[in-house]
Amino acid sequence: MVEFGQIWSQLGSTMATIMFVYTMFDKFFPPHLRTYFRKYTQKFASFMYPYIQITFPEFSGEHLKRSAAYTAIQTYLSANTSQKAKRLRAEVVKDSQTPLVLSMDDNEEIIDEFQGVKVWWLSNHTTNRSQSFSIYPASDEKRYFSLTFHQRYRDLITSTYIQHVLKEANEISVKNRQLKLYTNNPSKEWYGYKRTKWSHIMFEHPARFETLAMDPKKKEEIINDLVKFKAGKDYYAKIGKAWKRGYLLYGPPGTGKSTMIAAIANFMYYDVYDLELTAVKENTDLKKLLIDTTSKSIIVIEDIDCSLDLTGQRKKAKEKSDEEDKPEDSIKKVKDEEEKKGSNVTLSGLLNFIDGIWSACGGERIIIFTTNFVDKLDPALIRRGRMDKHIELSYCGYEAFKVLAKNYLDIESHTLFPIIEKMLGETNVTPADVAENLMPKSIDEDSDSCFNDLIKSLEEAKNKAEEEAKEKVDGENKELKIVKENGELGQEEK
């Protein structure tokens, strides 16, 4: 105990001597000598401690805005290295799939490794003890992250590692955020009290490619195309095209076009903008809607053949009406139709929306059209380059049925599967109809009952199709008979 007291006494004496010498040096030595002394002292300290430290404050700028770099680092550390921390801070984050986010607490240090190089991250804060009033609540307590690394890796850390952190943080934010489903507000409300062009709700559709009832080869082809598009930023810049891709989904009703859109959104982590063309007044309003969408989004126009008359039939109908009606009646009729229709969007305006010069604002967008009748659409609207990939969603096949059986009944094989496979090959039935029969109607209903209901439904669909085909043939034969009789009658009169 006596020795320990002597050590403290000697240490205190040494510190007092150092402080006295430093005070005398700072007071009596000329300024230029003090400058040289500090210069070589810093070199000596740098030699003894060869580490560099970079500080990232939480608030920066003129108006003390939250630093984007600080937020990105916090996201990166929360996802990658906070598992190593012993003291964590919990925060509730809105619009996120993980509302409770854990991050490093103050004075907590963790180690990260990049390309074999170790770096140290420290979360800390400073407190301003000034009593002056501040309008910024964060000004009294300033948080920051400090990054420490060896000076020999200066170029690697400053040029590569920090960019890696920012990129990783952006991908994590996109993946963790809650997807949104947008719909456009009527044009007349844009200039009133409602300033937003889009309103939104949380997108919570559970569809995934794993549960999508379609041919596995076609499904894999679509997934590969989406992956290639997502990683194609440099490629699109190289070939001089806007970073966007168009998909045309077509097929009979009930084949899963809307479900496909939801599966794509969940796979890509993209927001969905459901564009209602009938609510858009002019082509200029269509451009404003496009500008107001964000990157990493899907712009959807469902049933485009029903949204507006974009096939040229409007012009033909108008010409025919002009020939039959009087000029004043025709003008009144056109005005009434325009008021009832409520939209003056043209085919040209829609084409410019898809791949015109305005379509290049922003990037990483997917545009999807759906239709039940692809033959009704103008060829210019769906040509390659606008709708880059045409995806036909057809009737339910055996592979799609097995996916539905797994989804609804959690069954991968059954003795009735061969019978169902044979009947699906002979009957055109949509996945929606198959799913309806596979869904149990009560708690006590078992899988055998569901499969028997499906077989019965397939038999009825087959019989109905055969009857319709027979009626069609009988009708055609009847028409041929009438034509033949009229022809013979004409010959007799001659």
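## Salt bridges in the predicted model

A search of the whole structure finds 10 salt bridges, and the reader should keep in mind that this structure is a predicted model. Side chains of opposite charge can pair when their charged atoms come close. One such pair is Arg245 with Asp225, whose closest N and O atoms are 2.8 Å apart. This pair links distant parts of the chain, since Arg245 belongs to strand S11 (residues 244–250) while Asp225 belongs to helix H5 (residues 216–230), with the two positions 20 residues apart in the numbering. Both partners are buried, Arg245 as well as Asp225.

A further salt bridge joins Glu426 to Lys422, with 2.8 Å from N to O. These two residues are four places apart in helix H15 (residues 417–426), and therefore they are separated by about one helical turn. An α-helix has 3.6 residues a turn, so residues three or four places apart point the same way. Glu426 is partly exposed, with a relative accessible area of 40%, whereas Lys422 counts as exposed because its relative accessibility is 53%, and exposed means over 50%.

## Helix H14 and the network beside it

Helix H14 (residues 398–409) has 12 residues, which at 1.5 Å a residue should span 16 Å, and its end C-alpha atoms are indeed 16 Å apart, in agreement with that expectation. The buried residues of this helix are Ala400, Phe401, Val403, Leu404, Ala405 and Leu409. Asp410 follows H14 and has a positive phi, near 55 degrees.

Lys406 forms a salt bridge with Glu412, in which the closest N and O atoms are 3.2 Å apart. Lys406 counts as partly exposed at 35% relative accessibility, while Glu412 counts as exposed at 60%. Salt bridges that share partners join Lys406, Asp410 and Glu412 into one network.

## Patches on the surface

Which residues gather in a patch of negative charge on the surface? They are Glu466, Glu467, Glu468 and Glu471, and Glu467 is found in helix H17 (residues 447–493).

A nonpolar patch on the surface is formed by Ile291, Ile357 and Trp358, which together have about 350 Å² of accessible area. Ile291 lies in helix H8 (residues 283–291), and at 44% relative accessibility this residue counts as partly exposed.

## A buried residue in strand S5

Met104 lies in strand S5 (residues 100–104). Is Met104 buried or exposed? With a relative accessible area of 4%, Met104 is buried, because the cut-off for buried is under 20%. Met104 and Leu77 are 27 residues apart in sequence, and their C-alpha atoms are 7.8 Å apart in space.

Technical notes: Residues numbered from 1 in each chain as written. Predicted model: local features only at pLDDT ≥ 70, side-chain atom pairs only at ≥ 80, totals over all residues. Heavy atoms only, no water. Expected span 1.5 Å × (residues − 1). Buried < 20%, exposed > 50% of the residue type's maximum accessible area, 1.4 Å probe, protein only. Patch = residues over 30% accessible without salt bridge, like charges linked within 9 Å, V, L, I, M, F, W, Y side chains within 5 Å. Areas by Shrake-Rupley, 256 points an atom, 1.4 Å probe, with all protein chains shown as cover. Salt bridge = Lys/Arg side-chain N within 4 Å of Asp/Glu carboxyl O. Lys, Arg positive; Asp, Glu negative; His and termini not counted. Charge placed at Lys NZ, Arg CZ, Asp CG, Glu CD.
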